[in-house]
Amino acid sequence: MSIAQNLQRIKSSLPTTVTLVAVSKTKPVTSIIEAYNAGQRVFGENKIQEMVEKYDTLPKDIKWHMIGHLQRNKVKYMAHFVDLIHGVDSFKTLKEIDKQAKKHNRIIDCLFQVKIATEQTKFGLNIDELESIFLSTEYKELENVNVIGLMGMASFTDDEIQIRQEFRGLKTFFDQLKTQNSAFKILSIGMSGDYEIAIEEGSTMIRVGSSIFGNRNYN
Ligand SMILES: *Cc1c(COP(=O)(O)O)cnc(C)c1O
């Protein structure tokens, strides 16, 4: 199946409340153009350097989402164009985004990444850490970032019950925060292997790579 056909198949199955982020990390610009020509405008990358290179060569109406772990010293390279940052996993990083956004007179939309998986390797904040950030005065004073929701990655497992439970826990927390924070609107959960479960559990944004572009080759 072609990239256009994959996109068509996935998009036709999505409720209108769910936004598809096409995860193009490691894929060449030719593949992104194919998706672009099929109407896709939102793309996700997990390395700042790679996203900047692609931004420079591709059409400017593309919305670039940073979905990976952030290196604070590289935030400055994407601050002039990034549309949404999914993987904010510390207050320090949020402050750096605020500082860089200010230089470009922008307000950058961000999601806090919450750790919901059981694996040691997954980045993210826990619920207590997040609550103390939200309560701090320093947080309330940031003017150039807009935290509009949460992102999470479920455990890498075949156990659908576990995946569903992890997503459900995050949705409950998301709903709770939403009652206190009117800007909250995005729950970014679901990848190629689990986006159907994520949507059943309340996802509003899915990040799909291999089901659109094929498997990635890491050399
Ligand atoms: C790579 C990646 C995805 C997409 O993964 P697929 O399984 O290829 O759909 C989604 N989210 C994050 C954070 C990723 O790094």
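A residue is taken as buried when its relative accessible area is under 20%. In this predicted model, Tyr 139 has a relative accessible area of 14% and is therefore buried. Phe 134, with a relative accessible area of 12%, is buried as well, and Phe 112 is also buried.

These three residues are connected through their rings. A pair of aromatic rings is described by the distance of the centres and the angle of the planes. The whole structure contains 7 aromatic pairs. In one of them, the ring centres of Phe 112 and Tyr 139 are 6.5 Å apart and the planes meet at 40 degrees, so the arrangement is classed as tilted. This pair joins distant parts of the chain, since Phe 112 belongs to strand S5 (residues 108-114) and Tyr 139 to helix H6, with the two positions 27 residues apart in numbering. Tyr 139 also pairs with Phe 134, here in an edge-to-face arrangement with 5.2 Å from centre to centre and 90 degrees between the planes. Phe 112, Phe 134 and Tyr 139 belong to one aromatic cluster together with Phe 174 and Phe 184.

Phe 134 is one of the buried residues of helix H5, along with Leu 130 and Ile 133. The three span an arc of only 95 degrees around the axis, which means that they lie on the same side of H5. An α-helix has 3.6 residues a turn, so residues three or four places apart point the same way. Asp 128 and Leu 135, on the other side of H5, are exposed.

Phe 134 and Tyr 139 also take part in the lining of the second largest pocket, as does the exposed Leu 135. The remaining lining residues are Glu 131, Lys 140, Gln 176, Leu 177, Gln 180 and Asn 181. At least two lining residues come from each of helix H5 (127-135), helix H6 (137-140) and helix H7 (160-180). By residue class, the lining comprises 4 nonpolar, 3 polar and 2 charged residues. The space in this pocket amounts to about 200 Å³.

Contacts between a charge and a ring face involve two further tyrosines, Tyr 36 and Tyr 55. Arg 41 is placed over the face of Tyr 36, at 3.6 Å from the ring centre. Lys 60 is placed over the face of Tyr 55, at 4.7 Å from the ring centre.

Technical notes:
Residues are numbered from 1 along each chain as its sequence is written. This is a predicted model: local features need pLDDT of at least 70, side-chain atom pairs count only at pLDDT 80 or more; totals for chains, interfaces and linings use all residues. Side-chain values use heavy atoms; hydrogens and water are left out. On a 1 Å grid over the protein atoms alone, a cavity is a set of points where a 1.4 Å probe fits but cannot get out, and a pocket is an open set with protein on both sides within 12 Å along at least five of seven lines; lining residues have an atom within 4 Å of a point. Grid points are joined across faces, edges and corners, and a volume is the space filled by probe spheres set on the points. Helices (H or I, at least four residues) and strands (E, at least two) are DSSP runs, numbered from the N terminus. Ala, Val, Leu, Ile, Met, Phe, Trp, Tyr, Cys and Pro count as nonpolar, Asp, Glu, Lys and Arg as charged, and the others, Gly among them, as polar. Rings of Phe, Tyr and Trp (its six-membered ring) pair if their centres lie within 6.5 Å; planes under 30 degrees apart count as stacked, over 60 as edge-to-face and the rest as tilted. Buried means under 20% relative accessible area, exposed over 50%, partly exposed in between (1.4 Å probe, protein chains only). A charge sits over a ring if NZ of Lys or CZ of Arg is within 6 Å of the ring centre and within 35 degrees of the ring normal. The arc is that of the directions from the helix axis to the C-beta atoms.
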